[in-house]
Amino acid sequence: MITPDEEATLRLALKEDFTKYAPRCLKLRPKAGGLTPFHMNEGQTKIHKAAEAQKGATGKVRVLVLKARQWGCSTYVEGRFYHQITHRRGVKGFVLTHRTDATENLFAMTERFHNNCPDPLRPITGASNKRELEFEYLDSRFEVNTAGAAGVGRSDTIQYLHGSEVAYWPNADDHVDGLLQAVPDEEGTEVWLESTANGPAGIFYNMCQAALKGQGDFIIVFVAWHEHGEYSEDPPEDWVCPADFADYQELHSLNNRQIYWAWKKSSEFAIPSGASLDAIHPKFRQEYPATVQEAFQTTTNDVIIKPMDVLRARKNERAPDPSAPILLGVDIARGGGDLTRILDRQGRRIGKLANDVLDSDDLMHVTGWVAKWIRKVKADHVFVDATGLGSGVYDRLIELGYSNVTGVNFGANAEDDHIYANKRVEMWIRLNKWLTAPGDAPDVPDEEVLQSHFCSALYKFDSRSRWLLQPKEIIKKEFGFSPDYGDAAALTFAEIIAPKDEHLMMEDMGHDDMAELYEPNL
């Protein structure tokens, strides 16, 4: 028997700490049946820590969870909400799912939490039904519903909002806009929007992209498939890991049990489609992503730069080469929410000296900003996108005496105009060749935004069978953003600038001859 003081201390600990409350008070139904205490797994622990950190900093929780399938995100959020709603007065929790069966499953889970909660901590329910639990003496309640007709939950005041599989909601824009307005901007409120990805479009995708850029109140928490302990299996003794999977294993530091599980799961997608079992199926990458970019990748192969090549460079580190020239690429915004970006390249390293964005269409402001970076990194040469506003920035830099600046028109003739339809696609293919050069990978910032932008350049061929990039408007429609990170990097390949030590040119670029550098090899 514990003393009254000990009981009071325990009750307070359970009220304030979900990690203590969950295993003592919440019961789950595992796949094998029966009931088991709720012990958080790796993914649940990750999102819990992120939410608690945000709550400590802002008093509120605004989280986007991008996830692989079936590791228990909804289970965590439902348990968290039940814990908080049953310890507060006059609050409402609201859950919206993408399908009726998902709605029923989540409500059944919450009822299970309630029915098996220890008596001293289980509040008395009032008038409840198959989609709502009302806690009578607390004047608090919990409701679930299914996304369908626009307007669900719009007229309520909601303190705890959970959107499940948001990327798959019908009328998703209307639902999200309406529900977010129903949550007051007050301390103690929480909004959780979680989903597996559904392609590079839609409101969930757009919100994730904004969060990656640090825009708005939401943070993004990504849980890769290999962070979930159950996604592993012992391989047979005679199983040989295909080269594609071995490369993937090395990049993500996977053990043999994890990579065998990945091969088996990928095979489930490959066999019905007739695809090779030795290559990672694109659908596996989307359903069980290892990176944010994989989750949102397009299923088309018509991109110049492949995700694995960028990921390899993100994980690589190279020492700076003082003999290589410092080049700056400046992609000028064209309006419509685009940003102006500046990026450096020095030999086999990108973005290690200058990596900045500016949201301004003021000519003098942009010019001064570029000039600051030229001086700061002591740039040897600068390539400015001289289209629209960019031409004015280029002209003004020349007037200011910066003789090491070249204006680049993306639509101008390529140097090899029998292969490339214009200068822009030529620069992008040079960037791709730089990424895929033989030998050790180059070194780029380990950023999801870079990965997304580098892997969004869609190509086609013109009437003369020359390489041609899809217009920015099409890329923006497909992915939801303009690839300014990639354009800034590509600009550093507009012209060949000799290294300070010219005999190191070929070694620095990673090729035996300069002609090979510009031949497409996609």
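Q: Contact means heavy atoms within 4.5 Å. With that in hand, what percentage of contacts in the protein chain between residues at least 6 apart in sequence join residues at least 24 apart?
A: In this predicted model, the share is 69%. One example of residues distant in sequence is the pair His-381 and Ile-326: they are 55 residues apart along the chain, yet their C-alpha atoms are 6.8 Å apart in space.

Q: How do you know that His-381 touches Ile-326?
A: A contact needs heavy atoms within 4.5 Å, and Ile-326 is among the residues that His-381 touches, beyond those up to four places away in sequence. Others in that list include Leu-327, Asn-404 and Ile-497. The C-alpha distance of 6.8 Å is no contradiction, because contact is judged on heavy atoms.

Q: Why is His-381 called buried?
A: Buried means under 20% relative accessible area. His-381 has 13%, so it counts as buried. You can find His-381 in strand 13, which covers residues 381-385.

Q: What makes the link between the side chains of His-381 and Thr-406 a polar contact?
A: The cut-off for a pair of N or O atoms is 3.5 Å. The side chains of His-381 and Thr-406 are joined at 2.6 Å, so this pair is within the limit.

Q: Now to strand 8: why is Glu-190 called buried?
A: Its relative accessible area is 1%, and buried means under 20%, so Glu-190 belongs in that class. Glu-190 sits in strand 8, residues 190-195. Its contacts outside four places in sequence include Lys-55, Arg-62, Arg-80 and Tyr-160. With Gln-84, Glu-190 also makes a side-chain polar contact of 2.9 Å.

Q: Glu-165 and Asn-171 both appear in the loop between strand 7 and helix 6, so is each one buried or partly exposed?
A: Set each value against the cut-offs: under 20% is buried, over 50% is exposed, and in between is partly exposed. Glu-165 has 8%, so it is buried. Asn-171 has 39%, so it is partly exposed.

Q: What makes the phi values of Glu-165 and Asn-171 worth pointing out?
A: Each is positive in a residue other than glycine: phi is near 50 degrees for Glu-165 and near 55 degrees for Asn-171.

Q: Which residues of helix 6 are buried?
A: Helix 6 spans residues 172-182, and its buried residues are Ala-172, His-175, Val-176, Gly-178, Leu-179 and Ala-182. They pack against strand 4, strand 7, strand 8 and helix 7.

Q: What makes a set of residues a nonpolar core?
A: Its members are buried residues of nine kinds, including Ala, Ile and Trp, joined through side-chain atoms within 4.5 Å. The largest such core here has 56 residues, and Tyr-21, Ile-47, Trp-192, Trp-225 and Tyr-248 touch the most other members. Helix 4 (residues 73-85) gives the largest share, six residues. Another core, apart from this one, has 35 residues, among them Ile-350 and Ala-488.

Q: How much of the protein chain is buried?
A: Buried residues make up 54% of its 522 residues. The chain as a whole has 20 helices and 16 strands.

How values were computed:
Residues numbered from 1 in each chain as written. Predicted model: local features only at pLDDT ≥ 70, side-chain atom pairs only at ≥ 80, totals over all residues. Heavy atoms only, no water. Helix = DSSP H or I, 4+ residues; strand = E, 2+ residues; numbered from the N terminus. Buried < 20%, exposed > 50% of the residue type's maximum accessible area, 1.4 Å probe, protein only. Polar contact = N/O pair within 3.5 Å; in protein donor to acceptor, adjacent residues only side chain to side chain.
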